[in-house]
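Student: I would like to learn how to read the side-chain features of a model. Can we work through one together?

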Amino acid sequence: MRKTLILTMIVLFLAILAFAANKESGNTTLKDVQPAGTTDKKHKKQQFDLTFTGSKNDYTCRTNENQKVKATDFVVGTTITFKVEGNKGQVKSTSTGKSAKCTLVRVAALTAPPQ
């Protein structure tokens with residue numbers, strides 16, 4: 001009885017965490033693209049930091065080191081579709097149709113402009 005109760009509580013706790021995860025998606029303009037790190041024998045593909053603004057936060061998302069991404073696939077100032085869930089993200093360029101999975105490396109809350 002006690003083990004069942006503890007197991008149920010753990011499952012409920014994990015379910016609450018899953019629903020409370022930061023989820024956001026939508027369309028926005030790509031603000032910046034910067035190369036991240038360098039390539040070497042172990043890290044053969046260049047990573048990029050993609051910066052964009054969602055409805056709640058500013059995000060900087062670093063592409064996966066195992067995924068080949070071309071800088072020309074993500075042009076600054078073009079429209080992108082993004083999905084953010086927890087610390088993982090996905091960005092898709094609407095002009096080229098290319099997408100990239102990424103990890104959030106910086107999140108900044110949007111602030112109201114001074115009046």
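**The nonpolar core**

Tutor: Start inside. The largest nonpolar core has 16 residues. Those with the most contacts within this core are Leu 30, Val 33, Leu 50, Phe 52, Phe 74, Val 84 and Val 91. Keep in mind that this is a predicted model.

Student: Which elements give two or more residues to this core?

Tutor: Five strands appear on that list: β1 (23-36), β2 (47-53), β3 (57-63), β4 (79-85) and β6 (99-109).

Student: What is the general idea behind such a core?

Tutor: In soluble globular proteins, nonpolar side chains tend to be buried together.

Student: Take one core residue. What is Val 84 in contact with, leaving aside neighbours within four places in sequence?

Tutor: Val 84 contacts Asn 22, Lys 23, Glu 24, Phe 52, Tyr 59, Gly 89 and Leu 104. Remember Phe 52 and Tyr 59 for the section on rings.

**Salt bridges**

Student: How do I read a salt bridge?

Tutor: Side chains of opposite charge can pair when their charged atoms come close. A search of the whole structure finds two salt bridges here.

Student: Where do Lys 31 and Asp 58 lie?

Tutor: Lys 31 is in strand β1 and Asp 58 in strand β3. They are 27 residues apart, so the pair links distant parts of the chain. Their side chains meet at 3.6 Å, N to O.

Student: Is Asp 58 buried or exposed?

Tutor: Asp 58 is buried, because its relative accessible area is 18% and the cut-off is under 20%. Its partner Lys 31 is at 43%. That value makes Lys 31 partly exposed.

Student: Which residue forms a salt bridge with Asp 49?

Tutor: Arg 62 does, with the closest N and O atoms 2.7 Å apart. This pair also links distant parts of the chain. Asp 49 sits in strand β2 and Arg 62 in strand β3, 13 residues apart. Asp 49 is buried at 14% relative accessibility. Arg 62, at 31%, is partly exposed.

**Aromatic pairs**

Student: What describes a pair of aromatic rings?

Tutor: Two values do: the distance of the centres and the angle of the planes. A search of the whole structure finds three aromatic pairs. One of them joins Phe 52 and Phe 82. Its centres are 5.0 Å apart and its planes make an angle of 40°, so the pair is tilted.

Student: What does the pair of Phe 52 and Phe 82 tie together?

Tutor: Phe 52 lies in strand β2 and Phe 82 in strand β4, so the pair ties together parts 30 residues apart in sequence. Phe 52 is buried at 1% relative accessibility. Phe 82 is buried at 3%.

Student: How is the pair of Tyr 59 and Phe 82 arranged?

Tutor: That pair is tilted, with 6.4 Å centre to centre and 45° between the planes. Tyr 59 lies in strand β3 and Phe 82 in strand β4, so parts 23 residues apart in sequence are tied together. Tyr 59 is buried, with a relative accessible area of 0%. Ring pairs thus link Phe 52, Tyr 59 and Phe 82 into a cluster.

**A loop residue**

Student: Where is Lys 56 placed?

Tutor: Lys 56 is in the loop between β2 and β3. Its relative accessible area is 47%, so Lys 56 is partly exposed.

Student: What does Lys 56 touch, not counting residues up to four places away in sequence?

Tutor: Lys 56 touches Lys 23, Glu 24, Ala 109 and Leu 110. Now check a backbone distance. The C-alpha atoms of Lys 56 and Val 107 are separated by 9.8 Å. Along the chain these two are 51 residues apart.

Conventions: Residues numbered from 1 in each chain as written. Predicted model: local features only at pLDDT ≥ 70, side-chain atom pairs only at ≥ 80, totals over all residues. Heavy atoms only, no water. Core = buried A, V, L, I, M, F, W, Y, C linked by side-chain atoms within 4.5 Å. Buried < 20%, exposed > 50% of the residue type's maximum accessible area, 1.4 Å probe, protein only. Helix = DSSP H or I, 4+ residues; strand = E, 2+ residues; numbered from the N terminus. Contact = heavy atoms within 4.5 Å. Salt bridge = Lys/Arg side-chain N within 4 Å of Asp/Glu carboxyl O. Phe/Tyr/Trp six-rings, centres within 6.5 Å; stacked < 30°, edge-to-face > 60°.
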